[in-house]
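Thanks for coming. I have one model to go through today, and I will keep to helices, strands and empty space.

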Amino acid sequence: REDCFLTTELLEGTSLEATLAVALERGEPAPLEQMLKVFGEVLEALVQCGPNVHGDLRPSNVLLGSRGEVKLVGFGCPPLVLAPGAVAVSPDRLARLPPELFREGGHPTAASDVFSFGLVLFELLLCRLPKRGRGGGILDPKALQALPGALRDLAIRCTSPDPSRRYTGGGDLRRAIEAAFP
């Protein structure tokens, strides 16, 4: 028998989740310039995934290095559904799951990652998750009004309850952002 081990990079810093928590405690959003950099880096990580799926995109899986690095971690998460109707996830992860993963046989796709990316976008700009309806869509007029027009349109499309109405993946989303912000 051979022993196996995994070696990972040591990244000194914090998580996006911790950064957003500090901003929330202060009652003010995190610095917009920093959040837009994080937004761009996370998007680039999704583009680099290509046809692969992250499956667990959330602020605790975005690491911010002390020298400004942004790393997306948590790839290759185990399946969510252990048995029909039984979901084995933390409340933090549950709040960020796209609606299609609650259906029997639902599994993460590139469209699921786009949904989660849209929620992270809301969190980056608002320092909180938006309220969601029973179907999984955003039911939070204050959150939507707080976003600038082009970002609002992107966030709404990313978080559509219908996966076929979302961007198809990181590359498609990047093209839309480049078109909206030439």
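I will start with two helices, go on to the strands, and finish with the pocket and the cavities.

One remark before that: this is a predicted model.

Take helix α1 first, residues 16-26. Which of its residues are buried? They are Leu16, Thr19, Leu20 and Ala23. These residues lie on the same side of α1, because they cover an arc of only 95° around the axis. The spacing fits the general rule: an α-helix has 3.6 residues a turn, so residues three or four places apart point the same way.

What do the buried residues of α1 pack against? The list has two strands, β1 (13-15) and β2 (62-65), and two helices, α2 (32-49) and α4 (110-126). After α1 comes glycine 27, with a positive phi near 80°.

The second helix is α6, residues 149-158. Leu151, Leu154, Ala155 and Cys158 are buried there. Looking down the axis of α6, we find these buried residues within an arc of 95°, so they line one face of the helix. The buried residues of α6 pack against α4 and against α7 (170-180). So α4 turns up in both lists: it is a contact of the buried residues of α1 and of those of α6.

Now the strands. β1 and β2 run antiparallel and are joined by three bridges. Threonine 14 is opposite leucine 64 of β2. On to the next pair: β2 and β3, the latter being residues 70-72, are also antiparallel, with three bridges between them. Here leucine 63 has lysine 71 in β3 as its bridge partner. The hairpin of β2 and β3 has four residues between the strands, and in it glycine 68 has a positive phi near 90°.

That bridge pair leads to the pocket. Where is the largest pocket, in terms of its lining? The lining residues are Thr8, Glu9, Leu11, Leu63, Lys71, Leu72 and Val73. Leu63 and Lys71, just named as bridge partners, are both included. The volume of this pocket is about 180 Å³. By class, four of the lining residues are nonpolar, one is polar and two are charged.

Last, the enclosed space. How many cavities of 30 Å³ or more does the structure hold? There are two. The largest cavity has about 70 Å³ of space. Its lining has 13 residues, and those closest to the centre are Gly55, Asp56, Leu57, Leu97 and Ser116. α4 gives the largest share of that lining, with three residues. Five of the lining residues are nonpolar, three are polar and five are charged.

The second largest cavity comes to about 50 Å³. Around it are Leu46, Cys49, Gly50, Asn52, Ala110, Asp113, Gly169 and Gly170. Two elements, α2 and α4, each give two or more residues to this lining. Its classes are three nonpolar, four polar and one charged.

To close, a word on α4. This helix is packed against by buried residues of α1 and of α6, it gives the largest share of the lining of the largest cavity, and it contributes to the lining of the second largest cavity as well. That is what I had.

Methods
Residues are numbered from 1 along each chain as its sequence is written. This is a predicted model: local features need pLDDT of at least 70, side-chain atom pairs count only at pLDDT 80 or more; totals for chains, interfaces and linings use all residues. Side-chain values use heavy atoms; hydrogens and water are left out. On a 1 Å grid over the protein atoms alone, a cavity is a set of points where a 1.4 Å probe fits but cannot get out, and a pocket is an open set with protein on both sides within 12 Å along at least five of seven lines; lining residues have an atom within 4 Å of a point. Grid points are joined across faces, edges and corners, and a volume is the space filled by probe spheres set on the points. Ala, Val, Leu, Ile, Met, Phe, Trp, Tyr, Cys and Pro count as nonpolar, Asp, Glu, Lys and Arg as charged, and the others, Gly among them, as polar. Buried means under 20% relative accessible area, exposed over 50%, partly exposed in between (1.4 Å probe, protein chains only). The arc is that of the directions from the helix axis to the C-beta atoms. Contact means heavy atoms within 4.5 Å. Two strands pair if DSSP finds at least two bridges between them.
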